[in-house]
Every structure is written in C-alpha cells, then in structure tokens.
2 protein chains.
Amino acid sequence: MTRTSTLKEIAQKLNVSVSTVSRAVNNKEYVKEETRERVLKALEEYNYVPNEVARSLKKQSTRTIGVVVPDICETLFGTIIKGIDQVVSPHGYSIIVADTNESRKNEQKYLELLYQKRIDALVLATVDLNGRKVLQYLNSKIPVVFIDNIPKLKVPIESVTIDNAKASEVAVEYLVRHGHHRIAAIVGSIQETTGYERVAGYKRALISHGITVDDNLIRYGNYKENEGYLCMRELLDNRYQTSFTSVYIMSEMMTFGAIKAIRQYGLRIPEDLSVVGFDVHDKAGLVHPSITSIRQPEAMIGTRTGELLLERLAHMESGQTCERENERFLVEPYLEIGQSVWDVI
Amino acid sequence: MTRTSTLKEIAQKLNVSVSTVSRAVNNKEYVKEETRERVLKALEEYNYVPNEVARSLKKQSTRTIGVVVPDICETLFGTIIKGIDQVVSPHGYSIIVADTNESRKNEQKYLELLYQKRIDALVLATVDLNGRKVLQYLNSKIPVVFIDNIPKLKVPIESVTIDNAKASEVAVEYLVRHGHHRIAAIVGSIQETTGYERVAGYKRALISHGITVDDNLIRYGNYKENEGYLCMRELLDNRYQTSFTSVYIMSEMMTFGAIKAIRQYGLRIPEDLSVVGFDVHDKAGLVHPSITSIRQPEAMIGTRTGELLLERLAHMESGQTCERENERFLVEPYLEIGQSVWDVI
DNA sequence: GTGAAAGCGCTAACAC
DNA sequence: GTGTTAGCGCTTTCAC
C-alpha cells in the first residue's frame, strides 16, 4: 500500500523549503539546476503526485468542465462529449458529465452540484426552457456554452448548434429536386429552438420554391417515438384529402415512430411514400431501406465547443472580465442520402 | 455579476463565528434554532454556495468518480455510465469521464490526470492488458472496479461484467435447438477476457451437446468491423469443405462486417445462413432482417457498478482499510431474438 | 536562488 | 451553544 507524499514531506527529506520543491515541480525558473535534479529524483522516489485539489483551492480554478446532457446514450451527445474531451484534455481539463435523463428537476440538481464543485466552465444541453438555475452561472464569471437547445433567457448567450433552419431547407430542397411538392412535416415542440427553427426553415424553403404552406400537412409532436407514430397516423388518415408524396420528420425518435406507422399502413418506403428523417444513425449499415436523413456533424460540434471553451478559459486566465456576448456559432448540417426518397414523375 | 460568498464573510455579516455558520450549513447539531434560522436566511441573501474544493481538501475526499472507457459513443459504455451516474449522483458523487479512444497511451495519460484530481474511486474499461499505470490505484486505498475487460494482473481485482462464457453457451444452445450442428465462430482477441472466455464457452457448449469442436470453423479477429468481414470471407471460401449452417460472431463491429461479407456472397440471412451476433443494438427497430444477438444488460452493469462503488466508498468512510479481494461480479447476458436464425430440418 | 509565511475556504478538535 | 484555531496541500509574495 503505497502512499502519495506531499510537497512538505519531500521538502523535509531534502532539507529544502516547500517553495523550492514547488518551483521544481512546476518547472518554474529560479531553481538551481542541481537542486532541481535532486528534487525531481526525490519526487520519483517518494511517489509524489501533485494534489490538484489543493492547487485548485489556491488557484481558484479546478480545470474541470461540466457537461450536462439529457441522455448520454444518444449518439449525438456521446459524440459531442467525446469531441470536447479530445480538445480540452490535452490542456489538463477534465469533463464531469451529468445525465439529466430529460428531467428539468435533475438538470437543476446537477447544475447546483456542479456549481458547488466549482467547475471552470459549463456546457449545457438544456431541457429547461426558461432555465432559472442556469442564471446563477450566467451571472457568474465562468464560460457557458449551450448546445442542441437554446433557452429563452433575456441575457446574452453563447451556443454551438447546427443551423436548424438550414437543415430543413436542405431536406426540402432535396425533396423538391426529386419532384415532391406535397411534403408533409412532423415537428417537435415549437417551444424549443430545435422545433421552432426547423419548422420555420421548412416553411421558408417551401415558399422559396413557390409551394404554398399547407397547415394540414404539419403535425406537432414532442420528440418521442410514440408521438412520431401518432402524428404519422394522423397524416396518413387524411392522405386522400392532402395527397402528400413525402414526409420530413424533424427528430430521430419521431422518425422511427413515423416509419412504424407507415409500415403498419402497408405502405412501402420509398415506392409509396418518400421519407427524410433527422439524426438517423445507421452505424451498422443494416437498415433497409436506408433512410435519407439530416445529420449533425456531431464530432465537429464537440470540437468546436471545446475550442470555444479553451478560448474563453484562456481569456479569463489572462485576468479579463467575462463579458458575455450573444453569439451563436452555427455548424452546417448535412444530408445523408439513403434510399428512402423516390422520384415523383 | 453576482459573487458567491464564503463562510467567513457570512460569519462577519452576522457577527458569529465561522464554525457556527459551518454547523448551520451542514445541518449539524449544537446550533440554537434561532441562530440557525438567521444563518440560513443570510446564506440565501448573500448567495452562499459551499465550496466543494475546500471541503474536498479538508476531508480528503472529492466525491468524484473517474470512469475511463475506450469509446463513450458505444451504447454499451454510454448506458453503463448513465447507470453509474443514476446510482451515485443522489449521494453527491459526480462522474469524470475519460474517453481513451481505444488507445493505451491515452488510458495511461487519463489515469495519471485523474489520480492528480484525487478521484475517490475508479471504474475502468481497460484496453491495456498488462496495465501498469493502474497499479498505482490498486496500490492505493481507493476502490477500483473493472468493467468489460479484465487485465492480467497478479493482484486481487474487482469487476462487474457479463458472464462471457455463459453468453456463448446461450448462443450455441439456441442454434442447436434450431437444428444447427455446424456452427462457425468469429472470435475477438483471445488475449482479452472478452475473447478468451467467449470462445471457451462456445467450445464447452458444443461439447456438452455432443458436437465436436472443429478449428476450421473458428476464426480470430480483433473486434474491428473489417476483421469480421475478412474472417467471414475466409469461412465462406471454405464453405463447401466445412459446410456450416450458422455463424456466431462474438462482437458488435465484427457482426456488422460479417453480415456485409455474407451479403456480398449473395447469401440470404437466414435462408442460406443463420447468424447470431453480439451486442447488436437496433433502437430503431429498422434493421431487416433483425439480427438475433447476445446482449448485455448494460443499464444493470452500470447500476451494479454504482452500487458496488457506494458500498466500498461507505466502507472506506467508516475508516476501514481497503482490503482488496478478487471478486468478479457477473451479470447475466441474454439473447435478443430476431429473424436471423433459420430452422435446419 | 532560496526560504518564510500568508492564505485559498473549509472542517473539526478543543476551549469556554 | 458558540468561538478560536490548526491545518488540509498547495502557490505566491516578499524578504534575504
């Protein structure tokens, strides 16, 4: 059972002062080369590992970044976390993750916990639209970056997300190019930016192609699979009146639900109905027919967030005050083309 | 820009001592009810949030658990992390994640970093079979739990994993019950417990069903998709000599690769060849035909690990020494039945 | 170049 | 019940 020793112990063994040892450990100047070597050797010998907790207390910085997400199992968030970690860990930062399980209450609890732990920065995929708890952070001086969803707060906010409106434009554009004019849509909650902006982009794209927006073709769900299923059923029930040839579903789980409804109606994809989904991952390449889907460059969202964090963190370290600006960093979504869209002749 | 205040500041404002405030904050006894209320009110007013860093330094415990995994994007690890978090966060513990990206070097780097941060416990899905760096932890007094893979170390080790041999038995059993006697196998690295135990279970199951083990039916890969593909091709190339009717592939990515090879040979699953995979997830239910696969109860591995951690942590707190025992906690794998296995008549 | 000492914010032993 | 004080392990200023 080895024990890690402290600066003080090392200093005593060598008959030097703690400050000398500290300087050697931290590669500071003003240490005679000979002394430095003696110290470095002793560090090995006595199994010294710097205590980051003590350092944190002294420096008022924990080199720790809190990342709060609704569901770490979603590839989207897993990949983002990985991207952040890749960028920040070489700089000595670690990531504390919190999985809120889509619960506002958990989100608040975790925000509080992380605040106590004095994280140096926060990345938040909030499910709390009017998030009051996060104001504590926004009023403090640590960097906060929102991802995925942006809360409705009357304060400057920084975010890294895809351009949600653009995503819908890309989807509609693709369908139109394949001859579709009657394009149904299943939207998530328009309370959230992810829902609101996507539907706005959809409408705008239709209009710019000279297609009239038909509210009978739009259904609103809550991102859950079952809602996607139900929305799709409603759409299909009215199919003879509305005669749409394609459907664009604006979230992953709702896409799955919608496809189930389509199959249940005995319709074939894409022969009977064309489908464009959102965030559909098919790592295995086993889905058949493969689903044409809007995708987020997740890794890039992660690395971009990481870089932004480092930038802000460095800025802070150089003693700047934390002037928050309202900055939305947008990354480009893209269309992953599968076999779920059929040409309308 | 609000600032969080300190115990000392609160104490001064109220003309009481820091210890009184501390006692009130921590709900300790020996505080007059009236004083407690005054303090509690002041905490609100002056925006006091306990500084966990200072607490950690004093208590020599950070209430932080390090979780080191090769790839956080894999559903397996994502779900395990979520499970751990669910169990430990109500006890005030947070999780620091480290994604080693399957690299031994990164693993070592992260272990060092986390050691400096003085994590209270470590969960490790190692890729470093002879992991020397982890010995630092094993020689220290903090709990260490291995998941997924177990390194070859000559010290007592605790782990939470599925029963890998059992997994193979379940797979083989199922195939035999469906009339298969010539069952090919694609194995990961037998250097790793996940490979070694799975192939051992496969052989044992065959024997217990009176089937001779045929080494021509076994191929060894390295868990990567492409190796699964290549192994499957080799097997198929010899199909007329070996005449197997089914194949059991012992890892997720290799399963994907193998299926691609099978399709490339123009064979249908399951009509021409039956397939049992490992760790195949189909959240969307979109894969067709659905793949019968061994599955790990991931969430349970997570929660079991979390509980084990709490147990050990509580044990420590009550001042016990950390006697390590060699304990493998096994959870039961299960077979998720799809449509990829055909009856041999 | 080196050392002494203050102090980061807190807990806990001890004194009153 | 409450206050005083000594540290937890480190960095950093200032004196030598």
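How many residue pairs are in polar contact across the interface of chain B and chain A? The rule finds 36 such pairs, both residues at pLDDT 80 or more, a polar contact being a pair of N or O atoms within 3.5 Å, where within protein one must be able to donate a hydrogen and the other to accept it, and residues adjacent in sequence count only if both atoms are side-chain atoms. This is a predicted model, in which local features need pLDDT of at least 70, side-chain atom pairs count only at pLDDT 80 or more, and totals for chains, interfaces and linings use all residues. Residues are numbered from 1 along each chain, chains are lettered from A in the order written, and side-chain values use heavy atoms, without hydrogens or water.

**Interface**
- In all, 60 residues of chain B are in contact (heavy atoms within 4.5 Å) with 60 residues of chain A.
- There are six salt bridges between the two chains, each a side-chain nitrogen of Lys or Arg within 4 Å of a carboxyl oxygen of Asp or Glu.
- A:Glu252 and B:Lys283 form a salt bridge through their side chains, at 3.2 Å from N to O.

**Symmetry**
- A turn of 180 degrees and a shift of 0.1 Å along the axis lay chain B on chain A with an RMSD of 0.1 Å, superposed by least squares on the C-alpha atoms of residues with pLDDT of at least 70 in both.
- The two copies are therefore related as by a two-fold rotation axis.
- Both copies use the same surface, as 100% of the contact residues of chain B recur in chain A.

**Residue contacts**
- Beyond its neighbours within four places in sequence, B:Met232 is in contact with residues including B:Ile186, B:Phe244 and B:Leu273.
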